[in-house]
Amino acid sequence: MTRFLDWWNTFLEFKDHDWAQNIIVITLFSAFLWLSWRIIIKRLHHIAAKTQLPWDDAVITAISAPVTLVIWLWPATASLKILLSTQTHFSSTWLPELQVFILIWGFIWSALRLTSLIEKQFLTNPKHDETTVLALGKVIRLIFITLGVLSLMQGVGLSLSGLLTFGGVGGLVVGLAAKDLLSNFFGGMMIYFDRPFKVGDWIRSPDRSLEGTVERIGWRMTVIRTFDKRPLYVPNSVFSNIVVENPSRMLNRRIKEDIGIRYDDIHSIERIVDEIKTMLQEHNDIDSNQTLIVNFNGFGPSSLDLLVYTFTKTVNWIEYHKVKQDVLIKIGDIIAQNNAEIAFPTQTLKVEQIPSE
């Protein structure tokens, strides 16, 4: 890169009295390169449209704007050098560093655009986990930015070995000062790699007043939308110290009901239990492979108590309540068909009469 910069700067050594003409020539040269690049890009897009691969379109789209930036800004540094050397007394020795910055920024910008386009492409496929794709995208962006910053420091003459030595000592100081920030960062990494939940999951914690749908998992905090639509911002370090329940990953939903029958209908209890159990075993929305219990469970204060314990096939909250409603209505019909009734709380008072003297 250094040899190319020296050649470029030697090539652009114009005469002082022709500074205006030289700037016009450089501008026209940039315009020519830009028009040529536009033609090339259109041709590449036309070729990529005929292929089945989405990655060639992503690469072409990613580099189009950064290359355009370099085409205009790189020759502009030559024009700036001419102006500084002919019209002012300012030094132009810093221009090579600016040229290095333009090239590195063009590379970083292209890499970040390509990462975003590939990330969007993966997110369109429902087979890919959204949380994992977003986590890998953030890591790749961080790597490109770090490489770009290190390259820029090397290009402007900074010693990376001295910087790394200072970073070893300063890292300890920064780590102590930013303890909470680092704990949140590693908490986010734990969520990304252990994956106790992902974006879109419904989570809750029995240790904290925390329940809702995960909207975003960031490096420092996780955004949870509660069921009353309030945003909840939780530092990632909290998740390493609490128990998190993920109802979104349940396999079934449970129906557990205690149903009371009148004491007058005790002779119908066995038949009612058998018919309810048969109804549940034949129900299309009840998972008969899971635990299914229908039993006379005990003598209550004012009723004969039946235990109904079963699981639905669906885990969707709305569908679950529809299935539960249908099951309860059918249980009510079975009780009525056996000339029995559901009990309601009653009290029997025994009044003793005092014999008159």
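In this predicted model, the charged end of R253 sits over the ring of Y320, with 5.8 Å between that end and the ring centre. R253 is found in strand β5, and here's the curious bit: R253 is buried yet has no salt bridge. Its nearest side chain of opposite charge is E245, and that one is 8.6 Å away. A salt bridge needs a side-chain nitrogen within 4 Å of a carboxyl oxygen, so a cut-off like that leaves R253 without a partner. What does the side chain of R253 reach? It gets to the backbone oxygen of V315, at 2.6 Å.

**The rings around Y320**

Y320 has aromatic company too. Ring pairs link Y320 with W202, F227 and W317 into a cluster. Across the whole structure there are 9 aromatic pairs. Take W202 and W317: their ring centres are 6.4 Å apart and their planes sit at 70°, so this pair is edge-to-face. Which parts does the pair tie together? W202 lies in strand β1 (residues 202-205) and W317 in helix α9 (residues 317-337), so the contact joins parts that are 115 residues apart in sequence. The two tryptophans aren't equally covered, either: W202 counts as buried at 15% relative accessibility, whereas W317 is partly exposed, with a relative accessible area of 47%.

**A hairpin with a charged pair**

Next up are strands β3 (residues 221-225) and β4 (residues 231-235), which run antiparallel and are joined by 5 bridges. One example is T222, whose bridge partner in β4 is V234. The two strands form a hairpin with 5 residues between them. Which residue in the turn has a positive phi? That would be K229, at about 70°.

Two residues close by in the numbering, D228 and R230, form a salt bridge, the closest N and O atoms being 2.8 Å apart. On the accessibility side, R230 counts as exposed at 52%, while D228 is partly exposed, with a relative accessible area of 46%.

**Salt bridges elsewhere**

The structure holds 12 salt bridges. Here are three of them, with the N to O distance and the accessibility of each residue.

| Pair | N to O distance | Relative accessibility |
|---|---|---|
| R204 and E245 | 3.1 Å | R204 29%, E245 34% |
| R230 and D228 | 2.8 Å | R230 52%, D228 46% |
| R262 and D265 | 3.0 Å | R262 26%, D265 3% |

Start with R204 and E245, whose side chains meet in a salt bridge. R204 lies in strand β1 and E245 in the loop between β4 and β5 (253-261), so the pair ties together parts that are 41 residues apart in sequence. Both ends have some access to the outside: R204 counts as partly exposed, and E245 counts as partly exposed as well. E245 is also the residue named above as the nearest opposite charge to R253.

Then there's D265, which forms a salt bridge with R262. Is D265 buried or exposed? At 3% relative accessibility, D265 counts as buried, whereas R262 is partly exposed. Salt bridges that share partners also join K198, D201 and R249 into one network.

Technical notes:
Residues are numbered from 1 along each chain as its sequence is written. This is a predicted model: local features need pLDDT of at least 70, side-chain atom pairs count only at pLDDT 80 or more; totals for chains, interfaces and linings use all residues. Side-chain values use heavy atoms; hydrogens and water are left out. Rings of Phe, Tyr and Trp (its six-membered ring) pair if their centres lie within 6.5 Å; planes under 30 degrees apart count as stacked, over 60 as edge-to-face and the rest as tilted. Helices (H or I, at least four residues) and strands (E, at least two) are DSSP runs, numbered from the N terminus. Buried means under 20% relative accessible area, exposed over 50%, partly exposed in between (1.4 Å probe, protein chains only). A charge sits over a ring if NZ of Lys or CZ of Arg is within 6 Å of the ring centre and within 35 degrees of the ring normal. Two strands pair if DSSP finds at least two bridges between them. Lys and Arg count as positive and Asp and Glu as negative; His and the chain ends are not counted. A polar contact is a pair of N or O atoms within 3.5 Å; within protein, one must be able to donate a hydrogen and the other to accept it, and residues adjacent in sequence count only if both atoms are side-chain atoms.
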